[in-house]
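Welcome! Please take a moment to look over the sequence and the 3D view below, and then we can walk through some of the features together.

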Amino acid sequence: MFTGIVEETGEIVGIEDTDAGRRLRIGTGFSGLEGGQSVSVDGACLTVEEHEDGEWFSVFLAAETLDRTTFDSVVEGQEVNLERALAADERFDGHVVQGHVDGTTEIVDVERVGEDWAYTFELPPGLAQYVVEKGSIALDGISLTVASLDEAAGTFSVAIIPTTYHETTLSAREPGDEVHVEVDVFAKYVERMLGLADRDAEAGADVAAVREALGEYR
């Protein structure tokens, strides 16, 4: 599990394509990595294969990962957001990020607002119901809060503070770029529970208590 608080940006220093998938070598200053550990790379939970301490590590991308992400179009020299998995005794500063990318979305607009930036994105297809104003969302592995939601325009916006802008890959992003999206997993659980409640109600079960507890979340 991750928090969406990016530790550093790494650089793709090698790409190897095979019949089975794609392997990336990523330059990083991380020390103490071990084979089998999980690292969030632009929000995707990937497994360390080989590594040289404080220099680089390699990960393998299977077809499922390539289908859901933008890793099929990355190039050498491109920067990526990196975060190691959360240890049990660490502070939890972002929100629950599983590293399971749900899809991608496109940047529509970037606007400077005082010392901050406002980034506007398309509502991701098939995921719009999980995007709520003031709710959490992970974009390229960055824990962000939805500042505004325009359902008529099919967009949502997030506010980016200088620290996030300069210490992640967002500073290199511009309109037309695609980013990884992971929506709030708790919203998925609530949707699933309500769906089961509806099914049970059709079967004659009393689900009033469940609906009251969930607050009719839809």
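## A buried group of rings

Let's begin with two aromatic residues: Y119 and F121 are both buried. Please keep in mind that you are looking at a predicted model. The rings of Y119 and F121 form a stacked aromatic pair, with 6.3 Å from centre to centre and 20° between the planes. The number of aromatic pairs comes to 3.

F121 also pairs with F156: the ring centres are 5.4 Å apart and the planes meet at 20°, so this pair is stacked. Where do these two residues sit along the chain? F121 belongs to strand β9 (residues 116-122) and F156 to strand β12 (residues 155-160), so their pair ties together parts that are 35 residues apart in sequence. F121 and F156 are both buried. Taken together, Y119, F121 and F156 make up one aromatic cluster.

## The barrel

Now for the strands around that cluster's residues. Which strands close into a barrel? There are 6 of them, in the order β8-β9-β12-β11-β10-β13, and their pairing is antiparallel. From one strand to the next, the twist averages 45°.

You can follow one of these pairings in the view. Strand β11 (residues 142-150) and β12 run antiparallel and are joined by 4 bridges. Within this part of the model, D150 stands opposite T155 in β12.

## The open sheet

A second set of strands is arranged as an open sheet: 7 strands in the order β4-β3-β7-β1-β2-β6-β5, with antiparallel pairing. What stands at the edges? Those places go to β4 (44-47) and β5 (51-52), and each has a single partner strand, so one side of each is left without a neighbour in the sheet.

Elsewhere in this sheet, strand β2 (residues 22-27) pairs with strand β6 (residues 56-61) in the antiparallel sense, over 6 bridges. If you would like a spot to look for, L24 stands opposite V59 in β6.

## Arginines over rings

To finish, here are two places where an arginine meets an aromatic ring. R25 lies over the face of W56, at 3.6 Å from the ring centre. The stretches given for the paired strands β2 (residues 22-27) and β6 (residues 56-61) are a handy guide for finding R25 and W56 in the view.

The other place involves R84, which lies over the face of F30. Here the distance from the ring centre is 4.1 Å.

Technical notes:
Residues are numbered from 1 along each chain as its sequence is written. This is a predicted model: local features need pLDDT of at least 70, side-chain atom pairs count only at pLDDT 80 or more; totals for chains, interfaces and linings use all residues. Side-chain values use heavy atoms; hydrogens and water are left out. Rings of Phe, Tyr and Trp (its six-membered ring) pair if their centres lie within 6.5 Å; planes under 30 degrees apart count as stacked, over 60 as edge-to-face and the rest as tilted. Buried means under 20% relative accessible area, exposed over 50%, partly exposed in between (1.4 Å probe, protein chains only). A charge sits over a ring if NZ of Lys or CZ of Arg is within 6 Å of the ring centre and within 35 degrees of the ring normal. Two strands pair if DSSP finds at least two bridges between them. Axes are lines fitted to C-alpha atoms, for helices over the stretch in contact, and angles run from 0 to 180 degrees between N-to-C directions.
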